[in-house]
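Hello,

Here is the structure I promised to pass on to you. Please have a look at it first, and then read my notes underneath.

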Amino acid sequence: MGVVKRLSRTRPAQEGLGLFLARYLDLVRVTNRFVYEPADMYGELAPIQPFIGAMWHGHHFMAPYLRRQQDRAASLVSRSADGEFNAIALHHLGVRAIRGSGARGRDQRQKGGAPALRAMLRALEGGENMFLTADVPKIARRCGEGIVTLARISGRPIVPVAVATSRRLVFKSWDRASIGLPFGRGAIVAGRPIAVPRDAGADEIEDARLAVERELNRVNGRAYGLVGRTDPGARQAVIPEPGNPASA
């Protein structure tokens with residue numbers, strides 16, 4: 001198994017896996033009947049572009065479906081070996097990959113957090129929509145401050161988004177990652193935009209973080225509801241305590 005793992009991380013193997021994933025996602029897209037909410041989703045989002053598209057971990061495989069062919073988009077992808085073929089797949093799907101991730105207590109320089117933030121800011125300044133997961137690694141369905149910080153510094157709104165298909169594979173991973181299967185029904189849901197003032201203080205940042213968390217849970221539940229299914233990661237969602245602002 002060690003030999004197989006090493007071979008799978010060679011450049012030729014990564015290129016092959018990335019291309020295969022891209023073409024597979026194309027197949028899923030054209031063989032599923034997608035509905036959009038709101039119905040004129042792209043028309044409603046056009047005036048606020050470029051925006052920051054937020055999604056939960058586990059839904060990143062389906063993120064390219066949120067981009068129309070004419071839209072310029074970038075996505076944050078981890079610097080891990082597993083992230084390499086994801087970055088290659090995104091390239092084949094017309095999405096530029098920015099490598100880096102949050103460190104959550106580990107060395108930010110090793111994880112590439114600061115350079116990734118600068119790269120995301122440049123992407124937004126250049127007119128690219130920026131897609132990234134809102135929850136930090138290994139803590140599913142809890143929004144971190146990273147995406148809120150990006151919105152505050154850039155001045156661009158956060159748009160919580162979700163993609164669901166009626167037929168899918170669900171992996172036994174910490175984030176309950178899923179990938180769609182062909183020949184089913186699909187739903188793409190965009191939530192209300194969330195703005196973060198440039199001069200936001202600690203309380204406003206926390207309010208924005210909780211707002212992103214609530215709206216992501218809502219759009220994910222709605223997307224799965226539209227295809228007649230239950231969100232496989234719903235049990236991992238943060239359950240607010242009575243009196244907590246998150247329950248408002």
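Below is what I found, from the whole chain down to single residues.

Please keep in mind that this is a predicted model.

**The chain as a whole**

The chain has 248 residues, and 47% of them are buried. Its secondary structure consists of 8 helices and 9 strands. If you take the contacts between residues at least 6 apart in sequence, 73% of them link residues at least 24 apart. On the outside, the chain exposes about 12500 Å², with carbon and sulfur atoms supplying 55% of that area.

**An aromatic pair**

The structure contains 4 aromatic pairs. One of them is formed by Phe 51 and Phe 131: the ring centres are 6.0 Å apart and the planes stand at 90°, so this pair is edge-to-face. An angle over 60 degrees is what earns that label. Where do the two residues sit? Phe 51 is in the loop between α3 (41-45) and β2 (52-55), while Phe 131 belongs to strand β5 (residues 129-133), so the pair ties together parts that are 80 residues apart in sequence. Are these two rings' residues buried or exposed? Phe 51 is buried, with a relative accessible area of 5%, and Phe 131 is buried too, at 4%.

**Two helices that cross**

Next, please look at helix α6 (residues 113-125) and helix α7 (residues 146-154). Their axes come within 10 Å and cross at roughly 50°. That angle is neither under 35 degrees nor in the range from 65 to 115, and α6 and α7 are therefore oblique to each other. The crossing of α6 past α7 is right-handed. Which residues meet there? From α6 come Leu 117, Met 120, Leu 121 and Leu 124, and from α7 come Leu 150, Ile 153 and Ser 154.

**A buried aspartate**

Finally, there is Asp 71, found in the loop between β2 and β3 (73-77). Why does Asp 71 count as buried? Its relative accessibility is 9%, and buried means under 20%. Leaving aside residues up to four places away in sequence, Asp 71 touches Tyr 42 and Gln 49.

If you would like a place to start, try Phe 51 and Phe 131 with their edge-to-face rings, then move on to the right-handed crossing of α6 and α7, and end at Asp 71 in its loop.

Enjoy exploring, and best wishes

Conventions. Residues are numbered from 1 along each chain as its sequence is written. This is a predicted model: local features need pLDDT of at least 70, side-chain atom pairs count only at pLDDT 80 or more; totals for chains, interfaces and linings use all residues. Side-chain values use heavy atoms; hydrogens and water are left out. Helices (H or I, at least four residues) and strands (E, at least two) are DSSP runs, numbered from the N terminus. Buried means under 20% relative accessible area, exposed over 50%, partly exposed in between (1.4 Å probe, protein chains only). Contact means heavy atoms within 4.5 Å. Accessible areas come from the Shrake-Rupley method with a 1.4 Å probe; for residues, only the protein chains shown count as cover. Rings of Phe, Tyr and Trp (its six-membered ring) pair if their centres lie within 6.5 Å; planes under 30 degrees apart count as stacked, over 60 as edge-to-face and the rest as tilted. Axes are lines fitted to C-alpha atoms, for helices over the stretch in contact, and angles run from 0 to 180 degrees between N-to-C directions. Angles under 35 degrees count as roughly parallel, over 145 as roughly antiparallel, 65 to 115 as roughly perpendicular and the rest as oblique. A crossing is left-handed if the near helix is turned anticlockwise from the far one by less than a right angle, and right-handed if clockwise.
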